[in-house]
Number of protein chains: 2
Amino acid sequence: MTFPQLRHPIIQAPLAGGPSTPELAAAVSNAGGLGFVAAGYLAPSALREQIERARELTSEPFAVNLFYLTEVAVDQGDLDAYVRQLRSDPAAEHLGDPRFEDDGFAEKLKLVIELHVPIVSFTFGCPPKDVFDRLHETGIAVWVTVTELDEAEAAERAGADALVVQGVEAGGHRGTFTDADGAGELSTLSLLQLLRRRTGLPLVAAGGIADGAGVAAVLAAGAEAAQLGTAFMLTPEAATAAAHRRALAGQGQTALTRAFTGRRGRGIVNRFMREHDAEAPAAYPHVHHVTSPVRRAARERGDADSINLWAGQTHALAQERGAGELVAQLAEEASQALQSAQQRLGSRL
Amino acid sequence: MTFPQLRHPIIQAPLAGGPSTPELAAAVSNAGGLGFVAAGYLAPSALREQIERARELTSEPFAVNLFYLTEVAVDQGDLDAYVRQLRSDPAAEHLGDPRFEDDGFAEKLKLVIELHVPIVSFTFGCPPKDVFDRLHETGIAVWVTVTELDEAEAAERAGADALVVQGVEAGGHRGTFTDADGAGELSTLSLLQLLRRRTGLPLVAAGGIADGAGVAAVLAAGAEAAQLGTAFMLTPEAATAAAHRRALAGQGQTALTRAFTGRRGRGIVNRFMREHDAEAPAAYPHVHHVTSPVRRAARERGDADSINLWAGQTHALAQERGAGELVAQLAEEASQALQSAQQRLGSRL
């Protein structure tokens with residue numbers, strides 16, 4: 001299973017939970033990068049529609065990201081206490097039921113196999129070997145999101161064809177296999193240096209990459225390609241909510257929090273995060289299901305203070321321009337950045 | 001004030017508190033990089049000796065780093081409670097007195113001016129304009145360590161000639177102007193991208209850089225030079241304690257903590273950090289003075305569990321080899337990394 005031959009080593013991150021669209025994935029792939037359809041939170045039928053729609057829009061390959069969730073013990077007392085606290089939140093008219101669901105893994109896996117998606121990536125864990133075998137038998141390349149050396153080793157042992165190396169700068173959920181405090185807090189640059197000499201697998205660098213200089217930097221650090229999420233969230237092809245777009249364009253500081261979903265994710269600091277971060281337990285996707293109606297309603301009324309404003313550390317550099325143009329711009333800037341770095345290094349010799 | 005013409009854009013970080021030696025600074029400068037003498041914690045007379053000794057060992061320029069500390073209000077109750085807790089620590093035979101001291105700033109400033117050190121950098125804050133004026137009048141370039149956009153703007157306004165951009169990956173103390181929770185937690189790569197388009201000042205990238213690929217990455221991201229600290233701590237020229245060396249060569253995870261000094265610093269997680277992190281107040285250098293005898297004694301008896309094992313996220317890549325050879329190796333690797341990144345980008349066009 002070889003790494004795809006892309007015109008530009010630029011990959012759009014999946015962006016589950018709203019911003020991801022087939023139009024975005026297709027625009028990135030048509031421009032010579034690699035687009036991603038985010039399966040997370042979609043009903044399997046909606047995932048099928050999105051894949052089919054993206055296929056109408058591009059003849060280039062694109063990838064699909066699946067959540068791989070395993071149920072772990074949740075502290076029921078902490079979870080109950082958090083739900084009680086959320087009930088008194090001014091934005092919490094309706095709360096959902098806390099529960100574990102595996103995001104329809106088996107059905108979605110069957111679907112990507114049926115539809116012969118060329119690349120499937122996993123987030124939140126590494127599936128067992130038989131999942132890799134089923135995908136590989138169909139000729140599907142399997143990528144696994146990792147945030148630590150141990151995770152990378154496990155993914156390689158299981159048969160991963162590439163590793164998506166997610167640094168702590170990344171917006172949205174941490175892709176850690178387990179959501180322990182302090183786990184997976186290595187930066188993109190740290191991870192690339194540490195992993196590059198431990199594995200021969202292609203590394204896709206994700207987290208904090210916002211411009212062509214950032215793309216150039218991760219390539220120089222040994223990545224095969226750069227994966228950008230937040231950078232695509234202001235494109236017209238993305239379905240990012242209006243209030244979220246406004247926040248991304250601002251200068252707000254980001255932080256990791258479990259307040260919205262029960263799993264650490266990076267977002268722009270807002271009222272909801274400040275008020276609930278300290279009490280939020282590690283209970284994903286239980287808390288996600290509890291706050292989901294609150295966040296949906298807040299998005300609809302444009303209340304940025306009650307939404308999970310997922311954003312990477314460099315969100316202020318996101319641009320409002322077509323995703324295809326953005327890919328071309330990033331590639332051009334990256335080339336210039338490498339040339340100028342070469343000169344800076346060489347001129348001193 | 002122009003950026004120094006270095007044969008290699010590789011700078012040794014100051015490493016106050018033990019590892020820094022005139023031999024290390026001179027070896028780095030002699031190899032075509034830029035060495036640093038760390039003034040922090042030294043008596044002014046010892047600083048004079050170190051500068052003079054480094055001058056005997058090299059005719060190349062080297063720099064001196066000064067702490068710039070301003071006294072801020074400390075929560076006395078929290079500090080007292082922490083000192084009480086430390087009294088029951090098994091390693092705490094003797095505790096020092098909690099107190100503010102400005103690390104002899106005025107005297108050390110006078111000294112670097114008298115000795116015409118070509119470059120002086122500041123950490124922990126940005127001195128008032130008259131300090132810049134005095135240094136500039138003597139022809140001394142002034143660099144300021146920054147971890148956030150606001151700090152960078154303040155330093156530029158004050159007259160900085162270059163910014164040392166310290167990402168959250170860096171070992172040792174965070175260089176934040178104020179030690180607020182969550183402040184200055186941007187990665188090196190994030191900071192470079194955010195700052196590059198806001199300032200024309202040369203940026204020196206620090207934090208998590210461990211090999212030539214890392215050097216290449218920060219140059220590609222727009223840094224004028226890469227500053228490495230932990231990477232030099234296993235060199236024979238460094239005076240790193242034996243127990244600290246052993247920990248650096250291991251795989252231990254790092255974390256930020258105030259446990260040792262009352263200011264967030266990144267070190268390898270050990271017993272002392274685990275037991276005291278939660279209670280440690282923001283009170284620097286008060287807590288530093290309290291724990292200083294504990295740490296000194298622990299270093300002497302080789303007790304790695306009671307030392308501040310300052311280390312950047314990529315400490316496992318530190319090499320036990322001569323500092324000069326290391327500089328040459330980093331430059332060579334960086335050149336290869338840029339070439340291979342160029343090919344990876346270009347081969348897809």
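Before I start on the interface, one convention: two residues are taken to be in contact if their C-beta atoms, placed from the backbone, lie within 7 Å. Please also keep in mind throughout that what you have in front of you is a predicted model.

With that convention, the contact between the two chains takes 44 residues from chain A and 44 residues from chain B. On the side of chain B that touches chain A, three helices each supply at least two residues, namely H7 (188-196), H8 (212-220) and H12 (323-346), and of the elements there H12(B) gives the most, with eight residues. As for the character of that side of chain B, its residues divide into 23 nonpolar, 14 polar and seven charged.

Let me stay with H12(B), and turn to its packing within chain B. Helix H1 of chain B, residues 22-30, packs with H12(B) at an angle of about 40°, and the two axes are 8 Å apart, an angle that makes H1(B) oblique to H12(B). The crossing of these two helices, H1(B) and H12(B), is right-handed. Which residues meet there? From H1(B) they are Leu24(B), Ala27(B), Val28(B) and Asn30(B), and from H12(B) they are Ala323(B), Gly324(B) and Val327(B); taken together, the residues of this contact divide into five nonpolar, two polar and no charged.

Now to the nonpolar cores. The largest nonpolar core has 214 residues, and those with the most contacts inside it are Leu163, Val204 and Ala220, in chain A and in chain B. Apart from that core lies another, of 14 residues, which includes Phe272(A), Tyr284(A), Val287(A) and Val290(A).

To look at one of those well-connected residues in detail, Leu163(A) touches, not counting residues up to four places away in sequence, Trp143(A), Val144(A), Val146(A), Ala152(A), Ala155(A), Thr199(A), Leu201(A), Leu203(A) and Val204(A).

From that list I would like to pick out Ala155(A), whose place is in helix H6 of chain A, residues 149-158. Is Ala155(A) buried or exposed? The cut-off for a buried residue is 20 or more other C-beta atoms within 10 Å, and Ala155(A) has 27 C-beta neighbours inside 10 Å, so Ala155(A) counts as buried. Leaving aside neighbours within four places in sequence, Ala155(A) is in contact with Cys126(A), Val144(A), Val146(A), Ala160(A) and Leu163(A). Finally, the C-alpha atoms of Ala155(A) and Lys129(A) are separated by 9.7 Å, while the two residues are 26 residues apart along the chain.

Terms used:
Residues numbered from 1 in each chain as written. Chains lettered and ligands numbered in written order. Predicted model: local features only at pLDDT ≥ 70, side-chain atom pairs only at ≥ 80, totals over all residues. Helix = DSSP H or I, 4+ residues; strand = E, 2+ residues; numbered from the N terminus. Nonpolar A, V, L, I, M, F, W, Y, C, P; charged D, E, K, R; others polar. Axes fitted to C-alpha atoms, helices over the stretch in contact; angles between N-to-C directions. Parallel < 35°, antiparallel > 145°, perpendicular 65-115°, else oblique. Left-handed = near helix turned anticlockwise from the far one by under 90°. Core = buried A, V, L, I, M, F, W, Y, C linked by C-beta atoms within 7 Å. Buried ≥ 20, exposed ≤ 12 C-beta atoms within 10 Å, placed from the backbone.
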